[in-house]
Amino acid sequence: MPDDARVRHRTGTGLGLLLALVLGAVLLTALPKDDDTSGACAPRTVRAWSADQRLTSEFARYGDDPSRTDDWTGGDGTHSVRLPDGRVLWLFSDTYLGQVHAPPNPVGESYAWRDTTAPMVRNSAVVMRDGRLESTLPAPLFPDPAPGQWRWPVAARVEPRSPGSSEQVLRVLLWVRTNGQPPWIYGVPTATEVATLSLPDLRVESTVKVFDQQLVADPSRRVLFGTTLVEEDGWTYVFGGDDGRAVSRPASRAHVARVPEGGLADPGAWEYWDGDEWAVGVRPRAVLGDERRTGVGSAFSVVRDGRTYVLFTMAAGGAGLTTVTSYWSCSPTGPWHGPAKDFSPSLPDGQVAAYNPQTHPELSEDGRLVLSYDVNWLDTTGAAAQLSRNVSLYRPRFVTLRLAAGG
């Protein structure tokens, strides 16, 4: 890379307008003196929220459909992206395929079920058209990069093939993980990759590594980017986090990078926030998280409400098994204010946990914000059997939020 491409760049985001969005009542930290709270900078809160039964039921309908044996029947890591032709592509991490059988299950419970020999793949993609799920792409969509490693897809966006190009492609961020020993039962963080898919046929053309973490000695300090993307003024802001919770820290830390439009698949185009400015080829510095009271889960989501950034994550500590909280900021680099008052979505009976709260702006309209969360069985030694005897457990749930001014 030419030397002039490595020069540091001052952030152009500055201080924007302040809004505080939370799930339930608002709890604000003190505003810094240099924050502008005038005009459109009024706090916001959630006027109402409710379970989105339509979306939740649509995934249940599709997953229970016995007409195919090679399609999606359950998964987690729920992300979505709207394609130029109007379809919505849903991306999942660990996914069960196979066939679902009507109740009762083999132990006499009134649950739809799948055989314990049903295949599980590391990633999948399901196509939705006009609000109805219609097909699963050949799975896994992204093959393992090496023995003992796998790819989990996270956020995605449609962008120009290169800066200024009129041709559009789909970029999908991928987390590469490697088999590990406890506490790394979900794999050791290894690298962030970007896959390029052609449109409209969704063929995987290439995959490039954009952020390698193998040389970071402490796996809990390795950062994977792509849990969420936010677009503003020709930039894509790419959020990520470390894996502090894997080693029993109450919370992990959030980081952010940015890429000019059309540059997600170019490692040299990525700039990282180092605590003072945007720079190429530096170690990013956390923008949120003291690893105790404040911070994020391993997967979180950020949206913009006007000029304000709002972050949804599972709460710190033990509450993070059931409870979503939020933070807000005028800039992707912070300062982030919160955590705000918590919200606990409904969960099925049993030893289950909620995780990975993700917003879906492409499905949000008329003042509604759609948010999904995943559900899994807590006891990892018996999870596979539980998820097979009740297939409804390992599927996304949805809520709809309505926002209003006030605080």
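**View 1. A buried salt bridge between Arg177 and Asp243.** A salt bridge here is a side-chain nitrogen of Lys or Arg within 4 Å of a carboxyl oxygen of Asp or Glu. In this predicted model, the side chains of Arg177 and Asp243 satisfy that rule, with 3.1 Å from N to O. The two partners come from distant parts of the chain, 66 residues apart. Arg177 lies in strand E12, while Asp243 sits in the loop between strand E16 (235-241) and strand E17 (254-260). Is Arg177 buried or exposed? Arg177 is buried, and Asp243 is buried as well.

**View 2. The open sheet that holds strand E12.** Four strands make up this open sheet, in the order E11-E12-E13-E14, and their pairing is antiparallel. Strand E11 (149-160) and strand E14 (204-212) form the edges, each pairing on one side only. On average, neighbouring strands of the sheet are turned by 25° against each other, direction ignored. Take a look at the inner pair: strand E12 (residues 168-178) and strand E13 (residues 188-197) are joined by nine bridges in the antiparallel sense. Within this pairing, Val176 stands opposite Ala191 in E13.

**View 3. Salt bridges with partly exposed partners, and a network.** Side chains of opposite charge can pair when their charged atoms come close. The structure contains 25 salt bridges, and a few are gathered here. Arg129 pairs with Glu134, their closest N and O atoms being 3.2 Å apart. With a relative accessible area of 37%, Arg129 is partly exposed, and Glu134 is partly exposed too, at 39%. Lys209 and Asp212 form another salt bridge, with 3.6 Å between the closest N and O atoms. Here Lys209 has a relative accessibility of 37% and so counts as partly exposed; Asp212, at 40%, also counts as partly exposed. Which residues are linked in a network of salt bridges? They are Arg161, Glu167, Asp201, Arg203 and Glu205.

**View 4. Phe59 and its aromatic partners.** A pair of aromatic rings is described by the distance of the centres and the angle of the planes. The model has 17 aromatic pairs. For Phe59 and Trp72, the ring centres are 5.6 Å apart and the planes stand at 70°, so this pair is edge-to-face. Phe59 belongs to helix H1 (residues 53-64), and Trp72 lies 13 residues away in the loop between H1 and strand E2 (74-75). Both rings are on buried residues: Phe59 has a relative accessibility of 1%, and Trp72 has 0%. Phe59 also makes an edge-to-face pair with Phe92, at 6.0 Å centre to centre and 75° between the planes. This second pair connects helix H1 with strand E4 (residues 88-92), across 33 residues of chain. Phe92 is buried, at 0% relative accessibility. Step back a little and you will find one aromatic cluster formed by Phe59, Trp72, Trp90, Phe92 and Phe398.

**View 5. Thr313 and its surroundings.** Thr313 is part of strand E21 (residues 308-314). Why does Thr313 count as buried? Its relative accessible area is 0%, and buried means under 20%. The side chain of Thr313 reaches the backbone nitrogen of Gly297 at 2.8 Å. Leaving aside neighbours within four places in sequence, the residues in contact with Thr313 include Gly295, Val296, Gly297, Ala299 and Phe300. Also among its contacts are Thr323, Val324, Thr325, Tyr327 and Pro357.

Definitions and conventions:
Residues are numbered from 1 along each chain as its sequence is written. This is a predicted model: local features need pLDDT of at least 70, side-chain atom pairs count only at pLDDT 80 or more; totals for chains, interfaces and linings use all residues. Side-chain values use heavy atoms; hydrogens and water are left out. Two strands pair if DSSP finds at least two bridges between them. Helices (H or I, at least four residues) and strands (E, at least two) are DSSP runs, numbered from the N terminus. Axes are lines fitted to C-alpha atoms, for helices over the stretch in contact, and angles run from 0 to 180 degrees between N-to-C directions. Buried means under 20% relative accessible area, exposed over 50%, partly exposed in between (1.4 Å probe, protein chains only). A polar contact is a pair of N or O atoms within 3.5 Å; within protein, one must be able to donate a hydrogen and the other to accept it, and residues adjacent in sequence count only if both atoms are side-chain atoms. Contact means heavy atoms within 4.5 Å. Rings of Phe, Tyr and Trp (its six-membered ring) pair if their centres lie within 6.5 Å; planes under 30 degrees apart count as stacked, over 60 as edge-to-face and the rest as tilted.
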